[in-house]
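This report describes the overall architecture of a protein model and then one helix packing. Please consult the sequence and structure shown here.

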Amino acid sequence: MSAPDAGPPPAPVQPAGERPARPPRVHREVVSFVRRSARMRPNQRRAWDAHHERFVLPVDRRETSTSVDPDARLDLTAAGGGEAPLVVEIGPGPGDSLVAMAAARPEVDVLAFEVYEPAAAQLVSALHRAGLDNVRIVVADAVAGLQHLLPAGRLAELWTFFPDPWPKSRHHKRRLVSPALAAVAAERLQLGGTWRLATDWEDYALAMREVLDAEPGLENLHPGGWAPRWDARPLTRFEQRGLDAGRAVHDLTYRRVTPAAP
């Protein structure tokens, strides 16, 4: 007769007065986005599985899924890019404007930073359908990406269209356009390179202008005012919703300059 099953070994007894060890807490910096569900719809999942290796560049992470390791590097040449002028767009979403702008300028390479995987999957699908090969995507925080992945003076242009306005005062610290981003952007832009921005929230537009005017490496091409709407940017459904709600769109254009000597 076989011995009866003794069952699993007993759990170790926790010494009196001691609490179970907790995993180390992940330090999360204040970022300009809230991580939404990464669950993709079936069509998004199919597009991602079929084409993400062609368009999405892997990067080394820290603890969180949208972070970028400070020692990470990005080889744009190996990824299909080269020495063409490099344009970065922050937060293109599903690519309603990015795809058209990239198609109109095949002579440039475009790098898109997008934190929401379902939106990145839609962008992948749109790029595949359009037959474009001058766009690559990094699913990561753009601020960390600009700081750690790109060398100084590499960007010809930076696009930031309709970032989350975070309208409540207590959330303004989350707004993307900040002195820290302005300093990094000024370093990454080549001399004479441009930063194009747009928002349909007036108080955010005013805050953007105040922040960027204070950055010595940037020059407002329309001092004290607003840039004309950039003709190359298509009117998207998102922008149209803002107009339908009665909000005016404010454009800004800054140029990288050599800071004046103190």
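What area does the protein expose, and what share of it do carbon and sulfur atoms supply? In this predicted model, the exposed area of the protein is about 14800 Å², and carbon and sulfur atoms supply 53% of that area. The protein has 262 residues, of which 46% count as buried.

The secondary structure consists of 7 helices and 7 strands. Along the sequence, these elements follow the pattern α-β-α-β-α-β-α-β-α-β-α-β-α-β. Among contacts between residues at least 6 apart in sequence, 78% join residues at least 24 apart.

One helix pair is described in detail. Helix 4 packs against helix 5 with an angle of about 40° between them, and their axes lie 10 Å apart. Because angles from 35 to 65 degrees fall outside both the roughly parallel and the roughly perpendicular ranges, helix 4 is oblique to helix 5. The crossing of helix 4 with helix 5 is left-handed. The residues that make this contact are listed by helix below.

| Helix | Residue range | Contact residues |
|---|---|---|
| Helix 4 | residues 142–149 | V143, L146 and Q147 |
| Helix 5 | residues 179–188 | L181, V184 and R188 |

By character, the residues of the contact between helix 4 and helix 5 comprise 4 nonpolar, 1 polar and 1 charged. The polar residue is Q147 of helix 4, and the charged residue is R188 of helix 5.

How values were computed: Residues numbered from 1 in each chain as written. Predicted model: local features only at pLDDT ≥ 70, side-chain atom pairs only at ≥ 80, totals over all residues. Heavy atoms only, no water. Helix = DSSP H or I, 4+ residues; strand = E, 2+ residues; numbered from the N terminus. Buried < 20%, exposed > 50% of the residue type's maximum accessible area, 1.4 Å probe, protein only. Contact = heavy atoms within 4.5 Å. Areas by Shrake-Rupley, 256 points an atom, 1.4 Å probe, with all protein chains shown as cover. Axes fitted to C-alpha atoms, helices over the stretch in contact; angles between N-to-C directions. Parallel < 35°, antiparallel > 145°, perpendicular 65-115°, else oblique. Left-handed = near helix turned anticlockwise from the far one by under 90°.
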